[in-house]
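Q: Could you walk me through reading a protein model, one feature at a time?
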Amino acid sequence: MDRFKEQRRPNFDGDESPPPDFDGGDEDRGVGEEDGGTPEPFAGGKVRRKASRYREHRGDYLHVSSRPGLMRILEKQGDTSILFADKVLKFTGSGKMKRRIFILTDFAIYLIDPETEAMTRRIALAAVEKMCLSKLSDNFFAIIIPTEYDLFMASTRKTELVQVMVDVTKSASDYELEVLLSNRFEYNASASLVKEVSFEEAEGGIRTRFMWK
């Protein structure tokens, strides 16, 4: 499917960004100052919250190693090196929001239902082409997977998540994961549905619009 074909009809799933309610963890928490030694994937092109620039990163915010149900999922895949773990919001093709546990290892991304601790999706890092983010200080990001449908999610720790994704991809392969910064981009919301999402500053926050392609 051509991801860049002309727009057909608009469909607005909602004008305003959803509240960043993730049962703990906030982009405005944390006071550790980053040392600036590692180049960030944003290259000065993104507006970041002050707290996002000066916060302590610790990777596993869910203490996965102490949760047998989650560890069984990883061990079954032969994957136990946890680089990042937190709760996120995942957007479905119809625009609904679902809470998910997001676990990143040095081989794959895992999405897990937080209520049942059942894996809903596993994506090999080698299948990820790029990540898309707006230039504004919002929580949204898309993970583009050409061989599957893409992921559109929101995380209160987006900055850290993206940085870890870039770092692990670079260390495990010969290429650096592309991070596209744009206030308008497309993603495959399902196998047969392409959406365009746009971001703009509005009074009281960031306005987010979705359009069917």
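**Charges, rings and strands**

Q: The charged end of which residue sits over the ring of Tyr149?
A: It's Arg121: its charged end is over the Tyr149 ring, 3.8 Å from the centre. The test is that NZ of Lys or CZ of Arg lies within 6 Å of the ring centre and within 35 degrees of the ring normal. Arg157 does likewise over Tyr61, at 3.6 Å from the ring centre. Keep in mind that this is a predicted model, where local features need pLDDT of at least 70 and side-chain atom pairs count only at pLDDT 80 or more, while totals for chains, interfaces and linings use all residues. Residues are numbered from 1 along each chain as its sequence is written, and side-chain values use heavy atoms, with hydrogens and water left out.

Q: How many helices and strands does the protein have?
A: Three helices and eleven strands. These are DSSP runs numbered from the N terminus: H or I over at least four residues for helices, E over at least two for strands. Starting at the N terminus, the order is α-α-β-β-β-β-β-β-β-α-β-β-β-β.

Q: What is the strand order in the open sheet of three strands?
A: Strands of a sheet pair through backbone hydrogen bonds, parallel or antiparallel. Here the order is E9-E10-E11, and the pairing is antiparallel. DSSP must find at least two bridges between two strands for them to count as paired. E9 (184-190) and E11 (205-212) are the edge strands with a single partner each, so each has one side without a neighbour in the sheet. From one strand to the next, the twist averages 30°; angles run from 0 to 180 degrees between N-to-C directions, with axes fitted to C-alpha atoms.

Q: How many bridges pair E10 with E11?
A: Eight, in the antiparallel sense, with E10 covering residues 193-202. To find the register on screen, look for Glu201 opposite Ile206 of E11.

Q: Which residues lie on the two faces of strand E7?
A: In a regular strand, side chains alternate between the two faces of the sheet. In E7 (residues 151-154), Leu151 and Met153 are on one side, Phe152 and Ala154 are on the other, and all four are buried. Buried means under 20% relative accessible area, exposed means over 50%, and partly exposed is in between, using a 1.4 Å probe and protein chains only.

Q: Which strand does a hairpin join to E7?
A: That's E6, through six residues. E6 (residues 140-144) and E7 are antiparallel, joined by four bridges, and Phe140 stands opposite Ala154. Strand E1 (residues 82-91) also runs antiparallel to E7, with two bridges; Lys90 has Met153 as its bridge partner.

Q: How many aromatic pairs does the structure hold?
A: Eleven. Rings of Phe, Tyr and Trp (its six-membered ring) pair when their centres lie within 6.5 Å; planes under 30 degrees apart are stacked, over 60 edge-to-face, and the rest tilted. Phe140 and Phe152 have ring centres 5.6 Å apart and planes at 10°, so they're stacked. That pair links Phe140 in E6 with Phe152 in E7, twelve residues apart. Phe152 also makes a tilted pair with Phe185, at 6.5 Å centre to centre and 55° between planes; this one links E7 with E9, 33 residues apart.

Q: Are Phe140, Phe152 and Phe185 buried or exposed?
A: Phe140 is buried at 2% relative accessible area, Phe152 is buried at 1%, and Phe185 counts as buried at 4%. They belong to one aromatic cluster with Phe91, Tyr187, Phe199 and Phe210.

Q: Which strands do the buried residues of H2 pack against?
A: E1, E2 (97-105), E3 (108-112) and E4 (119-124). The buried residues of H2 (residues 68-76) are Gly69, Leu70, Met71, Ile73 and Leu74. After H2 comes Gly78, with a positive phi near 70°.

Q: Where is His63, and how exposed is it?
A: His63 is in the loop between H1 (50-53) and H2, and is partly exposed at 47% relative accessibility. Most residues other than glycine have a negative phi. His63 has a positive one, near 55°. Glu117 also has a positive phi, about 55°, without being a glycine; it lies in the loop between E3 and E4 and is partly exposed at 25%.

Conventions
Contact = heavy atoms within 4.5 Å.
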